[in-house]
Amino acid sequence: MRRLLVLLLATSGCFELPDEYRIEDLRIVEVRAEPPEIPFFRSAPIGGTAEEVFASDLANEDIRMSVLTAHPDLDAEFTYTWFRCARENENDDRVGGYGRVPCEPEDDEVEAPLVADSDDKELIFRPEPAYEFSPVDLLVNDLLNSGSDQVGFVGSLAEDPRDLFSGLRLNFHVRTVVTDAAISVDTPSLDGRKRVVLFDPAIVALVLQAARDGELGAVPMVQGVDIPSLCTNVSAGQYGTLLRYLQTRVPNQSPDYLELELTREGATSTVAYDPRQGPIELDAGESLLLAGRVSDESFETYRVIDDNCELVELDETMAWSWFVVDGELSDHITSLEAERRDFSGHATRYTAPTDFEGDELRTRIYSVLRDGRGGSDSLVIEVVVGR
């Protein structure tokens with residue numbers, strides 16, 4: 001009933017929904033994981049036995065979780081709390097941070113230390129509060145606490161073939177709380193979520209071989225999804241192709257937001273935005289074309305196993321989400337495919353506001369780059385509008 005009422009008000013003209021790109025309340029515009037994908041083992045043999053695979057060294061290097069928060073008050077201050085998602089089995093036992101269903105924030109809360117690196121990239125992309133930890137160590141502890149052994153762990157991966165072929169999703173959440181702001185907002189606290197992908201080629205090969213050998217028993221199928229029983233129906237040649245793919249598979253890497261290209265009204269050339277040279281200065285009502293630029297290496301070509309256990313080759317598409325505190329955007333999402341390298345073709349037009357108090361307005365634009373596979377990068381653009 002409440003949803004219907006909102007719809008009726010919106011369509012009747014009595015209620016206007018806010019623009020998605022406009023920062024009128026507390027917003028989490030990016031939760032970043034670096035790296036966005038990790039293996040379980042540092043280097044395990046593809047096609048090896050369970051004993052050989054699980055005797056390998058764990059890939060327990062830390063990942064860095066960070067968050068980019070936006071608020072109508074550019075000087076607002078926040079606190080951050082990071083917590084994991086846990087789920088329960090039939091016996092109400094915790095089985096770890098790889099459940100599909102988001103957990104309650106009270107589960108496994110941990111306070112986040114603030115980390116601000118001093119390298120050039122942090123100077124350009126703004127230091128962010130971060131939480132550094134090893135997801136593999138957390139997952140191992142979860143498995144040990146649940147009493148699961150190696151066989152149980154491998155068997156759990158076979159419960160849903162989609163998880164096996166695309167990777168486990170480890171859910172991590174961050175709670176942002178406004179502690180000081182000159183502008184009041186409707187949402188003083190907000191939770192954001194990020195999924196870290198855990199894909200280990202050696203474990204995938206181990207599960208596939210166990211299924212072909214009949215060691216997993218009856219492999220459960222997913223209703224409505226036509227996936228052969230963990231590739232047990234494919235030929236020996238196709239199975240060998242899958243193993244060779246797993247031997248050479250490269251984990252997803254985050255895209256690299258190199259720079260922002262600016263084109264002023266009436267200009268015939270673009271310039272690169274450098275935050276270290278101060279904010280962009282615009283006149284009231286002036287327009288500016290904004291286009292993000294990435295490195296060539298950011299356009300990754302990758303392969304996935306489809307429903308028929310065939311390998312499909314895909315190219316990443318870069319997508320930018322744009323947010324503003326003041327002013328207007330022609331497009332709040334722009335994208336660029338790998339075969340197209342004309343970066344100006346995906347620009348969005350920003351128009352500075354005209355209605356503000358005083359002779360000058362300090363405002364901000366947020367640009368978030370995503371690769372569609374969990375990798376992201378961002379840029380915060382400072383703007384000063386004068387009359």
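Two strands count as paired here if DSSP finds at least two bridges between them. Keep that in mind for the close-ups below, which come from a predicted model.

**Figure 1. Strand 9 pairs with strand 12 inside an open sheet of 5 strands.**
Strand 9 (257-264) and strand 12 (residues 287-294) run antiparallel and share 7 bridges. To find your place along the pair, look for L262, which sits opposite L290 of strand 12. Zoom out a little and the sheet reads 10-9-12-18-16, with antiparallel pairing. Its edges are strand 10 (271-272) and strand 16 (328-329), each of which pairs on one side only.

**Figure 2. P255 is tucked into the loop that leads from helix 8 to strand 9.**
The loop holding P255 connects helix 8 (236-248) with strand 9 (257-264). Is P255 buried or exposed? With a relative accessibility of 2%, this proline counts as buried, because the cut-off for buried is anything under 20%. Leaving aside residues up to four places away in sequence, P255 touches S298, M318, L369, D371, G375, S376 and D377. Another residue to pick out in this view is E316: it is 61 residues from P255 along the chain, yet their C-alpha atoms are separated by 9.9 Å.

**Figure 3. Helix 7 packs against helix 8.**
A pair of packed helices is described by the angle between the axes and the distance between them. For helix 7 (residues 201-212) and helix 8, the axes come within 9 Å and cross at roughly 160 degrees. The two helices are therefore roughly antiparallel to each other, as the angle is over 145 degrees. Helix 7 passes helix 8 in a left-handed crossing. On the helix 7 side, the contact is made by P201, V204, A205, L208, Q209 and R212, while helix 8 supplies A236, Y239, L243 and L246. Sorted by type, these contact residues come out as 8 nonpolar, 1 polar and 1 charged.

**Figure 4. Strand 15 has a strand partner in strand 17 and another in strand 19.**
How many of the 8 residues of strand 15 (residues 317-324) are buried? The count is 6, so this strand is mostly covered. Strand 15 runs antiparallel to strand 17 (residues 333-337), and 5 bridges join them. M318 of this pair stands opposite L336 in strand 17; M318 is also one of the residues that P255 touches. Strand 15 pairs with strand 19 (residues 360-370) in the antiparallel sense too, over 6 bridges. There, S321 has V368 of strand 19 as its bridge partner.

**Figure 5. Strand 13 and strand 14 make a hairpin.**
Strand 13 (residues 301-305) and strand 14 (residues 311-315) run antiparallel, joined by 5 bridges. R303 faces E313 across the pair, standing opposite it in strand 14. What sits between the strands of this hairpin? There are 5 residues, and C309 takes a positive phi near 60 degrees.

**Figure 6. The whole chain, for orientation, has 8 helices and 20 strands.**
Of its 387 residues, 47% count as buried. Now take the contacts with a separation of 6 or more: residues 24 or more positions apart account for 71% of them. The P255 and E316 pair from Figure 2, 61 residues apart along the chain, is handy for tracing back through this view.

Note on methods:
Residues numbered from 1 in each chain as written. Predicted model: local features only at pLDDT ≥ 70, side-chain atom pairs only at ≥ 80, totals over all residues. Heavy atoms only, no water. Helix = DSSP H or I, 4+ residues; strand = E, 2+ residues; numbered from the N terminus. Buried < 20%, exposed > 50% of the residue type's maximum accessible area, 1.4 Å probe, protein only. Contact = heavy atoms within 4.5 Å. Axes fitted to C-alpha atoms, helices over the stretch in contact; angles between N-to-C directions. Parallel < 35°, antiparallel > 145°, perpendicular 65-115°, else oblique. Left-handed = near helix turned anticlockwise from the far one by under 90°. Nonpolar A, V, L, I, M, F, W, Y, C, P; charged D, E, K, R; others polar.
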